[in-house]
Amino acid sequence: MEPTNITHASFVTLPVADQDRALRFYTDVLGFEVTADRDMPPGRWLQVAPKGAQTVFTLSGPGMGGFTPGETRGIMLVTTDVDADCARLAVAGVTVEGPDDLPWGRMASFRDPDGNGLMLITEKEGF
């Protein structure tokens with residue numbers, strides 16, 4: 001069987017209860033940029049991403065696709081300095097678990113204001 005022609009993931013949906021609150025968290029706390037913010041039926045299409053990222057995050061509000069806020073888990077965000085980023089998150093009032101040394105890198109986890117689970121990792125070279 002021939003492989004598909006898929007090149008990348010376009011977006012990841014993060015269900016949120018309040019798009020403005022989520023927007024403040026992702027831009028002010030995580031430093032993401034807004035890549036789209038427009039009204040579309042059935043609601044606001046709001047996307048954010050780290051600067052230069054190919055995959056963006058859609059902050060999906062109530063009525064947008066039947067998602068439940070807080071149900072997303074396992075999103076891995078790569079950072080060059082997990083310890084510094086964990087310290088910044090803690091200063092912003094975010095509860096962070098870790099960081100811990102693992103065979104594949106140094107990793108920590110946290111949740112956004114809606115309970116969606118995110119992880120930070122500084123990858124081990126050559127892994």
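Q: Which element gives the largest share of the lining of the largest pocket, and how many residues does that share hold?

A: The largest share comes from strand 5, which supplies four residues to the lining of the largest pocket. Strands (E, at least two residues) and helices (H or I, at least four) are DSSP runs, numbered from the N terminus. This is a predicted model, in which local features need pLDDT of at least 70 and side-chain atom pairs count only at pLDDT 80 or more, while totals for chains, interfaces and linings use all residues. Residues are numbered from 1 along each chain as its sequence is written, and side-chain values use heavy atoms, with hydrogens and water left out.

Q: How much space lies in the largest pocket, and which residues are closest to its centre?

A: A pocket is an open set of points on a 1 Å grid over the protein atoms alone, where a 1.4 Å probe fits and protein lies on both sides within 12 Å along at least five of seven lines; lining residues have an atom within 4 Å of a point. Its volume is the space filled by probe spheres set on the points, which are joined across faces, edges and corners. Here the largest pocket holds about 430 Å³ of space, and of the 17 residues that line it, L30, F32, L77, V78 and L120 are the closest to its centre. Strand 5 (75–78) and helix 2 (82–91) are the elements that give two or more residues to this lining.

Q: How do the residues of that lining divide into nonpolar, polar and charged?

A: Ala, Val, Leu, Ile, Met, Phe, Trp, Tyr, Cys and Pro count as nonpolar, Asp, Glu, Lys and Arg as charged, and the others, Gly among them, as polar. The lining of the largest pocket has twelve nonpolar, two polar and three charged residues.

Q: In what order do the elements of the chain run?

A: The chain has two helices and eight strands, and from the N terminus on they follow the pattern β-α-β-β-β-β-α-β-β-β.

Q: What is the strand order in the open sheet that holds strand 5, and why is one side of each edge strand left without a neighbour?

A: Two strands pair if DSSP finds at least two bridges between them. In this open sheet of four strands the order is 5-8-7-6, with mixed pairing; strand 5 and strand 6 stand at its edges with a single partner strand each, so one side of each has no neighbour in the sheet. Inside the sheet, strand 7 (residues 105–111) pairs antiparallel with strand 6 (residues 96–102) over five bridges, and D100 has M107 as its bridge partner. Strand 7 also runs antiparallel to strand 8 (residues 117–123), to which seven bridges join it, and F110 stands opposite L118.

Q: How many residues lie between the strands in the hairpin of strand 7 and strand 8?

A: That hairpin has five residues between the strands, and in it G115 takes a positive phi near 95 degrees, while the hairpin from strand 6 to strand 7 goes through two residues.

Q: What is the order of the strands in the open sheet that has strand 1 and strand 2 as its edge strands?

A: The order is 1-4-3-2, again in an open sheet of four strands with mixed pairing, and the edge strands, strand 1 (11–15) and strand 2 (33–40), each pair on one side only. Between strand 3 (residues 43–49) and strand 4 (residues 56–60), which run antiparallel, there are two bridges, and V48 has F57 as its bridge partner.
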